[in-house]
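Here is a short briefing for a first look. Please view the sequence and the model before reading on.

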Amino acid sequence: EGTLTELHLAFSREQEEKVYVQHLLAKRAEETWELIHERKASIFVCGAVRMGADVDHALQDIISKQGNMTREKAKAYLDKMQVAGRFVQELWS
């Protein structure tokens, strides 16, 4: 319990086909919702400020759609995750 069992990496500069974090999250929206809501998973994001904003937006979309809640409630849900230390972003410009 608490052991990392999966790691999904996105590199937009290391390969010909760009892969972005927000796109990986959107592809796995149902699983992402189950992990953060049912299993209380944590999300750690490291990268550029713009990428962090895009990930934040993607997570709000997932929470809103998968959790059947308004955009405002989805943002509040994500804010609560952040306060609890379950959504951490280390961003730089």
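The notes below cover a pocket and a helix.

This is a predicted model, in which local features need pLDDT of at least 70 and side-chain atom pairs count only at pLDDT 80 or more, while totals for chains, interfaces and linings use all residues. Residues are numbered from 1 along each chain as its sequence is written, and side-chain values use heavy atoms, leaving out hydrogens and water.

**The largest pocket**
- The largest pocket holds about 1,600 Å³ of space.
- A pocket here is an open set of points on a 1 Å grid over the protein atoms alone, where a 1.4 Å probe fits, with protein on both sides within 12 Å along at least five of seven lines.
- Its lining has 40 residues, and L7, H8, V21, I43 and F44 lie nearest the centre; lining residues have an atom within 4 Å of a point.
- The lining divides into 21 nonpolar, nine polar and ten charged residues.
- Asp, Glu, Lys and Arg count as charged; Ala, Val, Leu, Ile, Met, Phe, Trp, Tyr, Cys and Pro as nonpolar; the others, Gly among them, as polar.
- β1 gives the largest share of this lining, six residues.

**Helix α2 (29–38)**
- A29, T32, W33 and I36 of α2 are buried (under 20% relative accessible area, 1.4 Å probe, protein chains only).
- These buried residues fall within an arc of 100 degrees seen down the axis of α2, so they line one face of the helix.
- The face of α2 turned away from the buried side carries E30 and E38, which are exposed (over 50%).
- K40, just after α2, takes a positive phi of about 60 degrees.

Terms used:
Points joined across faces, edges and corners; volume = space filled by probe spheres on them. Helix = DSSP H or I, 4+ residues; strand = E, 2+ residues; numbered from the N terminus. Arc of directions from axis to C-beta.
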